[in-house]
Structures are given as structure tokens and as C-alpha cells.
Amino acid sequence: MTTPPTNDAAIAQWNRIPREVLEAMEPDGDFAKRHLVNPVLLRMLGDVRGRRILDAGCGHGYFSRLLADRGARVTGVEPTDTMFGYAQEKERALGQGIRYVQADLTRLPALGDPFDAVVCSMVLPAIPDWKPALRACVQALRPGGLFVFSVNHPAFEMLLTTWREHGDYRLHRYLEEYPIPQLRATDFHRPLSAYLNELAALGCRLREIAEPGLDPRTAREAQDTTPGIESYVHLPNFLIAAAERP
Ligand SMILES: C[S@@+](CC[C@H](N)C(=O)[O-])C[C@H]1O[C@@H](n2cnc3c(N)ncnc32)[C@H](O)[C@@H]1O
């Protein structure tokens, strides 16, 4: 019998991410984040000026910095030494007033007053024990506060690599839970219903689901450097949801 993965083992994988990879994602993330994820997250969050926002699993902190640029009062939570250290270094250099806390979301320390919004971008699939992490995000909100999360779309995971190999998309085990080895760390597949039903069980009211597609012109411009990028025009690589805490 294989041993189930632990949060600590997953965090140890993320901790090995090289600094140059983090630097290459400055200032606003990689291609997919810039074109597909950031615009939707920012639209769903709305006017963030003066609002307390938790960036749960903030990584190297690029989205925290985008929020602070727009006037939000941001707390970023990140468990790895590498990315937490990088984010703090950036904060020392830029002085945006972002507070970073080093923690596993499933063992979240008290963070003060409840948040107006929590954003959890591409984090839940990285956590083996994800339900307590999701609960912690929702519990960190004030009543009526907004929870926004993004994941690789569970119906189209490994979209780019599968499309490159076959010229279309194939999926064989949607209903199971299984690890997906990524370039730097392992993600964990769960069906979409797992995430949405857990939100419902926490009493959250779904406000919006987005499945953003890439603009065809942007895809044409990128096709020489990123073969298979047209797959992002035809199928959604990401699923992004906004829900309110009751
Ligand atoms: C794909 S990265 C996304 C980072 C960031 N949100 C972004 O969009 O750039 C996944 C992140 O989840 C973090 N993570 C993994 N396990 C975690 C846990 N138990 N609690 C909080 N964050 C975790 C990783 O350290 C990593 O920063």
C-alpha cells in the first residue's frame, strides 16, 4: 500500500523552487497568470482599496504585491522558507506594507481581524489535506466576505502537454483522486464537485464560476514560443470561483 502524501512532504517539494524561477515570474506571474488568471481574480475581487485581503498560499507574493499596488491591506501566508523569504525580501525593498506570515493553511495562526476577502490562487490542488485549508480560508473571512480561488481546471489538467502530444485533449480518470506530477511539485486531482460541495458544506454562496479562454490573437503571437498554446483558446485551463461567506 502506498503511503498517502502529507502536507509537509508537499511543502518540502515547493521549497526547492529555484530563485531564478521566482524572479522570472516578476512582476505579475507567468504567461498563463497574466492572460487568464490575474484579470479574472482582480475583476472578481473588485475595488480593493482599503480592504483587508488574505493571499492564502501566496508563494513568492506577486499577487499580494498586485493587490497592495491597488490599495489593499494585504496579508500573505506561505509555508516554504524559499518563497516566504523571497516575498519578505521584496517587501523590505518595496515597502508596500504587506504582512507575510509563514504557515501551513491547515495550521493557521490567529491573523487578527477577519478579512474582507481571501484569495487562494492555485493552492488547493497543491495541498494533500485540502479540506481544512479551505475551511481555514472561509473562517478567516468576515460574514459576507468574499472567497476567490483558482485551480487548474479539473476536467482539463495537463492541457498543454496533452494537446502537444495528441493535438487534442484526453482524460481517463476524472472521478478519482490522484497525484499529478508537475514540473516542480506534485498537484492532486479532485473532481470539480469536491471543491464546490465543500464550499456548499461550509455554507458559502457561490457568486460566480469563470472558465477563461485565451484571446486567439494572443495565442497566435505566442505559438512559436509555446507550441500547443491554441489549446487555451478552445478549452479552459483554469477554473476560478468566487463565493461569499454567510
Ligand atoms: C502553484 S503555487 C501558487 C502560489 C501563488 N498563489 C501564486 O499564484 O503564485 C502553490 C503554492 O501553495 C503553497 N502551499 C503548498 N502547501 C501549502 C499549505 N499546506 N499551506 C499553504 N500553502 C501551501 C506552496 O508553497 C506554493 O506557494
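P27 sits in the loop between α2 and α3 (31-45), and the peptide bond that joins E26 to P27 is cis, with omega at about -5°. Keep in mind while browsing that this is a predicted model. Most peptide bonds are trans, and most residues other than glycine have a negative phi.

Two methionines are worth a look for their backbone angles. M122 is not a glycine, yet its phi is positive, at about 65°. You will find M122 in the loop between β4 and α6 (130-139). With a relative accessibility of 19%, M122 counts as buried, because the cut-off for that class is under 20%. M158 also has a positive phi, near 55°. The loop that holds M158 runs between β5 and α7 (159-166), and at 35% relative accessibility M158 is partly exposed.

**Around the ligand**

Which residues come nearest to the ligand? The shell around it has 17 residues, and G57, E78, D104, L105 and S121 are the nearest of them. Sorted by character, the shell splits into ten nonpolar, four polar and three charged residues.

Several polar atoms of the protein lie close enough to the ligand to be listed by distance. G57 offers a polar backbone atom 2.7 Å from a nitrogen atom of the ligand. S121 places a backbone N or O atom 2.8 Å from a ligand nitrogen. From K33, an N or O atom of the side chain is 3.2 Å from an oxygen atom of the ligand. On its own the ligand has 600 Å² of accessible area, and the protein covers 93% of that.

**Salt bridges**

Side chains of opposite charge can pair when their charged atoms come close. How many salt bridges does the structure hold? The count is 13, and three of the pairs are set out here.

| Pair | N to O distance | Places in the chain |
|---|---|---|
| E89 and R19 | 2.8 Å | helix α5 (residues 81-94) and helix α2 (residues 19-24) |
| R142 and D116 | 2.8 Å | strand β5 (residues 141-152) and strand β4 (residues 115-121) |
| R205 and E244 | 3.3 Å | strand β8 (residues 205-210) and strand β9 (residues 238-244) |

Let us take the pairs in turn. E89 and R19 form a salt bridge at 2.8 Å; one residue is in helix α5 and the other in helix α2, so the pair ties together parts that are 70 residues apart in sequence. E89 is partly exposed at 37% relative accessibility, and R19 is partly exposed with a relative accessible area of 37%.

R142 and D116 meet in a salt bridge too, and this pair links parts of the chain 26 residues apart, in strands β5 and β4. Here R142 is partly exposed at 33%, whereas D116 is buried at 16%.

R205 bridges to E244, with the closest N and O atoms 3.3 Å apart. Since R205 belongs to strand β8 and E244 to strand β9, the pair ties together parts 39 residues apart in sequence. E244 is buried, its relative accessible area being 17%. Elsewhere, D8, D104 and R107 are joined into one network by salt bridges that share partners. D104 is also one of the residues that come nearest to the ligand.

**Three buried residues**

H189 is part of strand β7 (residues 186-189) and is buried at 0% relative accessibility. A polar atom of the H189 side chain lies 2.6 Å from the backbone oxygen of Y174. Beyond its neighbours within four places in sequence, H189 contacts several residues, including P154, E157, R173, Y174 and I180.

Is L146 buried or exposed? It is buried, at 3% relative accessible area, and its place is in strand β5. Leaving out neighbours within four places in sequence, the contacts of L146 include M44, L45, V118, R207 and A243, and also D116 and E244. D116 and E244 both appear above as salt-bridge partners, of R142 and R205 respectively. The C-alpha atoms of L146 and P179 are 29 Å apart, with their positions 33 residues apart along the chain.

L111 lies in the loop between β3 (99-101) and β4, and is buried at 8% relative accessibility. Not counting residues up to four places away in sequence, L111 touches R52, L54, V77, R99 and V101. The C-alpha atoms of L111 and T75 are separated by 8.5 Å, and the two residues are 36 apart along the chain.

Technical notes: Residues numbered from 1 in each chain as written. Predicted model: local features only at pLDDT ≥ 70, side-chain atom pairs only at ≥ 80, totals over all residues. Heavy atoms only, no water. Salt bridge = Lys/Arg side-chain N within 4 Å of Asp/Glu carboxyl O. Helix = DSSP H or I, 4+ residues; strand = E, 2+ residues; numbered from the N terminus. Buried < 20%, exposed > 50% of the residue type's maximum accessible area, 1.4 Å probe, protein only. Near = heavy atom within 4 Å. Polar contact = N/O pair within 3.5 Å; in protein donor to acceptor, adjacent residues only side chain to side chain. Areas by Shrake-Rupley, 256 points an atom, 1.4 Å probe, with all protein chains shown as cover. Nonpolar A, V, L, I, M, F, W, Y, C, P; charged D, E, K, R; others polar. Contact = heavy atoms within 4.5 Å.
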